[in-house]
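Here is a short report on one protein model and its ligand. Look over the sequence and the structure first, then read on.

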Amino acid sequence: MVDDCIFCRIADLRIPTELLYQDHQLVAFRDIQPVAPVHILIVPKKHIPDVLHLTNTDADILGKVYEVAAELARCEGVAEDGFRVVVNTGPAAGQSVQHIHFHLLGGRELGWPPG
Ligand code: 5GP
Ligand code: ZN
């Protein structure tokens, strides 16, 4: 838990946020500034700053992230048309919160390559 980290604070419910999913490892909630009709953030409770800080011991968290992403995609009705799971890492990718999070995006055509 990092005291001044916004996603740590959401994950431990100190910032009240409607959670779409939660278990002992993860929370999921809607992005405050959605860029697609479905824009959900899947956030490990553990404070991992970014992809560069992942280790082998986080493998089960990552497995769970994708399981939850698939489940939420089905619940939100975007599984059939298609969706994207995105992790921005570092300034060139536009990472703005230094606590690892997985964007689940869907509900519109998603351009490729991403901007
Ligand atoms: P990044 O730019 O780091 O990949 O993504 C951070 C995301 O977190 C952004 O899409 C931003 O809108 C979202 N975000 C930042 N602060 C909050 C917040 O307090 N609540 C919610 N629900 N989303 C947030
Ligand atoms: Zn954090």
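Helices and strands are DSSP runs, numbered from the N terminus; a helix has at least four residues and a strand at least two. By that reading, H1 gives the most to the shell around ligand 1, with three residues. The model is predicted.

## The ligand shell

The shell around ligand 1 holds 16 residues. Arg30, Asp31, Asn88, Ser96 and His103 are the closest. By type, the shell residues split into seven nonpolar, seven polar and two charged. Two elements, helix H1 (6–11) and strand E2 (26–30), each supply at least two residues of this shell.

Where does ligand 1 sit? Ligand 1 occupies the largest pocket.

## Polar contacts to the ligand

Start with the oxygen atoms of the ligand. Aspartate 31 places a polar side-chain atom 2.5 Å from an oxygen atom of ligand 1. Histidine 103 also uses its side chain: a polar atom there lies 2.8 Å from an oxygen atom of ligand 1. The protein covers 83% of the 520 Å² of accessible area that ligand 1 has on its own.

The backbone takes part too, at isoleucine 32. A polar backbone atom of that residue is 3.2 Å from a nitrogen atom of ligand 1.

## Histidine 39 and its partners

Histidine 103 has a second polar partner, within the protein. Its side chain and that of histidine 39 are joined by a polar contact of 2.8 Å. Histidine 103 also contacts ligand 1, through a polar side-chain atom 2.8 Å from a ligand oxygen.

Histidine 39 belongs to strand E3 (residues 38–44). Is histidine 39 buried or exposed? Its relative accessible area is 5%, under the 20% cut-off, so histidine 39 counts as buried. A polar atom of its side chain also lies 3.0 Å from the backbone nitrogen of valine 35.

## Strands E2 and E3

Arginine 30 is in strand E2. It is among the closest residues to ligand 1. Its relative accessible area is 43%, between the cut-offs of 20% and 50%, so arginine 30 is partly exposed.

Leucine 41 is in strand E3. It is buried, at 4% relative accessible area. How far apart are the C-alpha atoms of arginine 30 and leucine 41? They are separated by 6.0 Å, and the two residues are eleven residues apart along the chain. Leucine 41 can also be paired with isoleucine 100, 59 residues away in sequence. Their C-alpha atoms are 9.9 Å apart in space.

## Helix H1 and strand E4

Cysteine 8 lies in helix H1. Its relative accessibility is 2%, which is under 20%, so cysteine 8 counts as buried. Cysteine 8 and valine 43 are 35 residues apart in sequence. From C-alpha to C-alpha, the distance between them is 9.0 Å.

Valine 85 is part of strand E4 (residues 83–86). At 25% relative accessibility, this valine is partly exposed. Valine 85 and alanine 69 are 16 residues apart in sequence, with 7.6 Å between their C-alpha atoms.

## Backbone points to check

Most residues other than glycine have a negative phi, and most peptide bonds are trans. Two places in this model call for a look against that background.

Which sign does phi of leucine 13 have? It is positive, near 70°, and the residue is not glycine. Leucine 13 sits in the loop between H1 and strand E1 (19–22). With a relative accessible area of 48%, leucine 13 is partly exposed.

The other place is a peptide bond. From tryptophan 112 to proline 113 the bond is cis, with omega near 5°. Proline 113 falls in the segment after strand E5 (102–106).

Terms used
Residues are numbered from 1 along each chain as its sequence is written. Chains are lettered from A and ligands numbered from 1 in the order in which they are written. This is a predicted model: local features need pLDDT of at least 70, side-chain atom pairs count only at pLDDT 80 or more; totals for chains, interfaces and linings use all residues. Side-chain values use heavy atoms; hydrogens and water are left out. A residue is near a molecule or strand if one of its heavy atoms lies within 4 Å of it. A polar contact is a pair of N or O atoms within 3.5 Å; within protein, one must be able to donate a hydrogen and the other to accept it, and residues adjacent in sequence count only if both atoms are side-chain atoms. Accessible areas come from the Shrake-Rupley method with a 1.4 Å probe; for residues, only the protein chains shown count as cover. On a 1 Å grid over the protein atoms alone, a cavity is a set of points where a 1.4 Å probe fits but cannot get out, and a pocket is an open set with protein on both sides within 12 Å along at least five of seven lines; lining residues have an atom within 4 Å of a point. A molecule sits in a cavity or pocket if more than half of its atoms lie within 2 Å of its grid points. Ala, Val, Leu, Ile, Met, Phe, Trp, Tyr, Cys and Pro count as nonpolar, Asp, Glu, Lys and Arg as charged, and the others, Gly among them, as polar. Buried means under 20% relative accessible area, exposed over 50%, partly exposed in between (1.4 Å probe, protein chains only).
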